[in-house]
Amino acid sequence: MVDRAAVEEIRRAVRETGREITVVAAAKTRTKEEIDELMRLAPEFVLGENRVQEFMSAYDPAYRWHFIGQLQTNKVKYLAGKVELIHSLDRHELAREIERRSERAGVVQDCLVEVNMGSEISKGGVEPGSAIEFIRELAAYPHIRVRGLMSVLPALGDTPELRGLYADLAALCEEAKKLPGQGDDIAFLSAGMTGDWHIALEYGANIIRLGRAIFGERVYPAAAI
(Lines give C-alpha, C1' and ligand atoms only; values in the text may rest on other atoms or scores of the structure.)
Protein backbone atom coordinates (compact mmCIF):
# COMPACT_ATOMS: atom_id res chain seq x y z
CA MET A 1 0.00 0.00 0.00
CA VAL A 2 1.27 3.46 -0.86
CA ASP A 3 2.27 5.60 2.13
CA ARG A 4 0.65 8.90 1.16
CA ALA A 5 2.28 10.85 3.97
CA ALA A 6 5.69 9.55 2.91
CA VAL A 7 5.04 10.58 -0.69
CA GLU A 8 4.25 14.11 0.44
CA GLU A 9 7.41 14.20 2.58
CA ILE A 10 9.49 13.12 -0.41
CA ARG A 11 7.86 15.79 -2.56
CA ARG A 12 8.54 18.45 0.08
CA ALA A 13 12.21 17.47 0.38
CA VAL A 14 12.59 17.48 -3.40
CA ARG A 15 11.02 20.94 -3.69
CA GLU A 16 13.34 22.29 -1.02
CA THR A 17 16.41 21.41 -3.08
CA GLY A 18 15.33 23.90 -5.74
CA ARG A 19 16.58 21.42 -8.33
CA GLU A 20 14.86 19.06 -10.75
CA ILE A 21 14.89 15.67 -9.06
CA THR A 22 13.57 12.40 -10.50
CA VAL A 23 12.03 10.06 -7.94
CA VAL A 24 12.19 6.44 -9.07
CA ALA A 25 9.73 4.24 -7.20
CA ALA A 26 11.20 0.75 -6.89
CA ALA A 27 8.25 -1.43 -7.88
CA LYS A 28 9.77 -4.78 -6.92
CA THR A 29 7.06 -7.22 -5.70
CA ARG A 30 4.40 -4.49 -5.83
CA THR A 31 0.99 -5.27 -7.21
CA LYS A 32 -0.53 -3.54 -10.21
CA GLU A 33 -3.04 -1.97 -7.83
CA GLU A 34 -0.23 -0.42 -5.76
CA ILE A 35 1.54 0.81 -8.88
CA ASP A 36 -1.63 2.34 -10.29
CA GLU A 37 -2.40 3.98 -6.94
CA LEU A 38 1.05 5.56 -6.82
CA MET A 39 0.82 6.81 -10.39
CA ARG A 40 -2.52 8.45 -9.65
CA LEU A 41 -1.09 10.05 -6.53
CA ALA A 42 2.33 11.03 -7.93
CA PRO A 43 2.28 10.91 -11.73
CA GLU A 44 5.62 12.74 -11.83
CA PHE A 45 7.38 9.72 -10.28
CA VAL A 46 9.08 7.13 -12.49
CA LEU A 47 8.74 3.38 -11.94
CA GLY A 48 11.86 1.27 -11.52
CA GLU A 49 12.36 -2.48 -11.66
CA ASN A 50 15.50 -4.39 -10.79
CA ARG A 51 14.54 -7.74 -12.28
CA VAL A 52 13.65 -8.18 -15.93
CA GLN A 53 11.05 -10.87 -15.28
CA GLU A 54 9.18 -8.58 -12.90
CA PHE A 55 9.51 -5.71 -15.36
CA MET A 56 7.89 -7.82 -18.06
CA SER A 57 4.99 -8.67 -15.74
CA ALA A 58 4.48 -5.12 -14.50
CA TYR A 59 5.23 -3.14 -17.66
CA ASP A 60 2.56 -0.65 -18.66
CA PRO A 61 3.49 1.67 -21.55
CA ALA A 62 1.33 4.39 -20.01
CA TYR A 63 4.01 4.92 -17.35
CA ARG A 64 7.69 5.88 -17.44
CA TRP A 65 10.12 3.10 -16.53
CA HIS A 66 13.77 2.80 -15.52
CA PHE A 67 15.72 -0.42 -15.04
CA ILE A 68 17.68 -0.12 -11.79
CA GLY A 69 19.06 -3.61 -11.10
CA GLN A 70 21.95 -5.73 -12.28
CA LEU A 71 21.35 -6.70 -15.89
CA GLN A 72 22.23 -9.99 -17.58
CA THR A 73 23.10 -9.79 -21.26
CA ASN A 74 20.43 -12.33 -22.24
CA LYS A 75 17.72 -10.08 -20.78
CA VAL A 76 18.60 -6.87 -22.62
CA LYS A 77 16.23 -7.72 -25.46
CA TYR A 78 13.26 -7.20 -23.15
CA LEU A 79 14.28 -3.66 -22.21
CA ALA A 80 15.63 -1.93 -25.32
CA GLY A 81 13.22 0.78 -26.38
CA LYS A 82 10.92 0.25 -23.39
CA VAL A 83 12.84 1.79 -20.49
CA GLU A 84 13.94 5.41 -20.50
CA LEU A 85 17.13 4.67 -18.61
CA ILE A 86 19.25 1.65 -17.71
CA HIS A 87 21.07 2.42 -14.46
CA SER A 88 23.53 -0.47 -14.37
CA LEU A 89 25.89 -0.45 -17.34
CA ASP A 90 29.19 -1.71 -15.94
CA ARG A 91 30.99 -3.91 -18.51
CA HIS A 92 31.70 -4.13 -22.22
CA GLU A 93 29.93 -7.46 -22.61
CA LEU A 94 26.72 -5.74 -21.52
CA ALA A 95 27.44 -2.66 -23.63
CA ARG A 96 27.84 -4.80 -26.75
CA GLU A 97 24.46 -6.43 -26.19
CA ILE A 98 22.71 -3.13 -25.43
CA GLU A 99 24.25 -1.75 -28.63
CA ARG A 100 23.08 -4.74 -30.67
CA ARG A 101 19.53 -4.75 -29.31
CA SER A 102 19.16 -0.97 -29.48
CA GLU A 103 20.30 -0.89 -33.08
CA ARG A 104 17.78 -3.59 -33.88
CA ALA A 105 15.02 -1.62 -32.13
CA GLY A 106 16.04 1.58 -33.89
CA VAL A 107 16.74 3.49 -30.67
CA VAL A 108 19.61 5.09 -28.83
CA GLN A 109 19.44 3.69 -25.31
CA ASP A 110 20.17 6.08 -22.46
CA CYS A 111 22.30 4.46 -19.76
CA LEU A 112 24.06 5.28 -16.52
CA VAL A 113 27.45 3.82 -15.69
CA GLU A 114 27.25 2.03 -12.36
CA VAL A 115 30.15 2.74 -10.01
CA ASN A 116 30.93 0.50 -7.03
CA MET A 117 31.96 3.27 -4.64
CA GLY A 118 32.38 0.90 -1.70
CA SER A 119 34.28 -1.75 -3.70
CA GLU A 120 31.80 -4.31 -2.37
CA ILE A 121 32.14 -7.80 -3.83
CA SER A 122 28.38 -8.40 -3.64
CA LYS A 123 27.58 -5.38 -5.82
CA GLY A 124 28.06 -4.62 -9.49
CA GLY A 125 29.71 -1.56 -10.93
CA VAL A 126 33.08 -0.44 -12.18
CA GLU A 127 35.71 0.67 -9.71
CA PRO A 128 35.81 4.46 -9.20
CA GLY A 129 39.31 4.69 -10.65
CA SER A 130 38.14 3.01 -13.87
CA ALA A 131 34.86 4.86 -14.38
CA ILE A 132 36.08 7.77 -16.54
CA GLU A 133 38.05 5.53 -18.88
CA PHE A 134 35.07 3.19 -19.18
CA ILE A 135 32.84 6.10 -20.18
CA ARG A 136 35.40 7.12 -22.81
CA GLU A 137 35.37 3.60 -24.22
CA LEU A 138 31.57 3.60 -24.46
CA ALA A 139 31.81 6.30 -27.13
CA ALA A 140 32.46 3.39 -29.51
CA TYR A 141 28.81 2.33 -29.24
CA PRO A 142 26.62 4.66 -31.34
CA HIS A 143 23.34 3.29 -29.94
CA ILE A 144 24.30 3.92 -26.31
CA ARG A 145 24.21 7.36 -24.75
CA VAL A 146 25.84 7.70 -21.33
CA ARG A 147 23.75 10.13 -19.29
CA GLY A 148 25.56 9.96 -15.98
CA LEU A 149 26.52 7.75 -13.04
CA MET A 150 24.71 5.47 -10.63
CA SER A 151 25.87 3.94 -7.38
CA VAL A 152 24.49 1.81 -4.56
CA LEU A 153 26.52 3.02 -1.62
CA PRO A 154 27.32 0.90 1.46
CA ALA A 155 24.83 0.90 4.32
CA LEU A 156 27.00 2.89 6.73
CA GLY A 157 24.43 5.22 8.26
CA ASP A 158 25.04 8.95 8.38
CA THR A 159 28.78 8.69 8.96
CA PRO A 160 31.83 10.61 7.76
CA GLU A 161 32.81 7.52 5.75
CA LEU A 162 29.53 7.49 3.83
CA ARG A 163 29.64 11.23 3.26
CA GLY A 164 33.19 10.90 1.97
CA LEU A 165 32.05 8.31 -0.57
CA TYR A 166 29.21 10.58 -1.64
CA ALA A 167 31.63 13.48 -2.07
CA ASP A 168 33.90 11.29 -4.19
CA LEU A 169 30.94 10.15 -6.31
CA ALA A 170 29.82 13.73 -6.90
CA ALA A 171 33.36 14.71 -7.90
CA LEU A 172 33.51 11.77 -10.30
CA CYS A 173 30.27 12.90 -11.94
CA GLU A 174 31.66 16.41 -12.37
CA GLU A 175 34.78 14.95 -13.96
CA ALA A 176 32.62 12.98 -16.41
CA LYS A 177 30.87 16.20 -17.45
CA LYS A 178 34.21 17.49 -18.75
CA LEU A 179 34.81 14.60 -21.16
CA PRO A 180 35.18 15.90 -24.75
CA GLY A 181 32.30 14.78 -26.93
CA GLN A 182 30.48 13.03 -24.09
CA GLY A 183 30.32 15.48 -21.21
CA ASP A 184 27.37 17.43 -22.59
CA ASP A 185 25.22 14.28 -22.28
CA ILE A 186 26.11 13.75 -18.61
CA ALA A 187 23.08 15.03 -16.71
CA PHE A 188 22.21 12.51 -14.00
CA LEU A 189 23.61 11.26 -10.73
CA SER A 190 21.49 8.36 -9.47
CA ALA A 191 22.16 7.66 -5.81
CA GLY A 192 20.26 7.37 -2.59
CA MET A 193 17.70 4.82 -1.50
CA THR A 194 15.34 4.57 1.46
CA GLY A 195 18.13 4.66 4.05
CA ASP A 196 20.21 7.52 2.67
CA TRP A 197 18.27 9.55 0.11
CA HIS A 198 18.39 12.75 2.13
CA ILE A 199 22.19 12.53 2.18
CA ALA A 200 22.28 11.77 -1.54
CA LEU A 201 20.35 14.96 -2.26
CA GLU A 202 22.89 16.96 -0.22
CA TYR A 203 25.66 15.68 -2.51
CA GLY A 204 23.98 16.51 -5.78
CA ALA A 205 22.03 13.38 -6.67
CA ASN A 206 19.18 14.22 -9.02
CA ILE A 207 17.75 10.70 -9.25
CA ILE A 208 16.78 8.89 -6.04
CA ARG A 209 15.50 5.31 -5.96
CA LEU A 210 12.94 4.63 -3.25
CA GLY A 211 10.99 1.49 -2.40
CA ARG A 212 10.16 1.07 1.28
CA ALA A 213 10.04 4.85 1.74
CA ILE A 214 7.03 4.90 -0.61
CA PHE A 215 5.36 1.51 -0.21
CA GLY A 216 6.44 0.34 3.23
CA GLU A 217 8.04 -3.04 3.88
CA ARG A 218 7.78 -5.60 1.11
CA VAL A 219 5.48 -8.55 1.65
CA TYR A 220 6.82 -11.61 -0.16
CA PRO A 221 4.51 -14.44 -1.23
CA ALA A 222 4.50 -17.38 1.15
CA ALA A 223 6.54 -20.35 -0.03
CA ALA A 224 4.56 -23.25 -1.39
CA ILE A 225 4.17 -26.11 1.07
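The questions and answers below concern one helix and one strand of a predicted model.

In this model, local features need pLDDT of at least 70 and side-chain atom pairs count only at pLDDT 80 or more, whereas totals for chains, interfaces and linings use all residues. Residues are numbered from 1 along each chain as its sequence is written, and side-chain values use heavy atoms, with hydrogens and water left out.

User: Within what arc do the buried residues of α6 fall, seen down the axis of the helix?
Analyst: The buried residues of α6 (under 20% relative accessible area, 1.4 Å probe, protein chains only) are Leu162, Leu165, Tyr166, Leu169, Leu172, Cys173 and Ala176. An α-helix has 3.6 residues a turn, so residues three or four places apart point the same way. The buried residues of α6 line one face of the helix, because the directions from the helix axis to their C-beta atoms fall within an arc of 120°.

User: Which strands and helices do the buried residues of α6 pack against?
Analyst: Helices (H or I, at least four residues) and strands (E, at least two) are DSSP runs numbered from the N terminus. With contact taken as heavy atoms within 4.5 Å, the buried residues of α6 pack against α5 (131–137), β6 (144–150), β7 (188–190) and α7 (197–202).

User: How many of the residues of strand β1 (residues 22–26) are buried?
Analyst: On one side of β1, Thr22, Val24 and Ala26 are buried, and on the other Val23 and Ala25 are buried, which leaves both faces covered. Strand β1 is largely enclosed by the rest of the structure, because its buried residues number five of the five.

Conventions
Buried means under 20% relative accessible area, exposed over 50%, partly exposed in between (1.4 Å probe, protein chains only).
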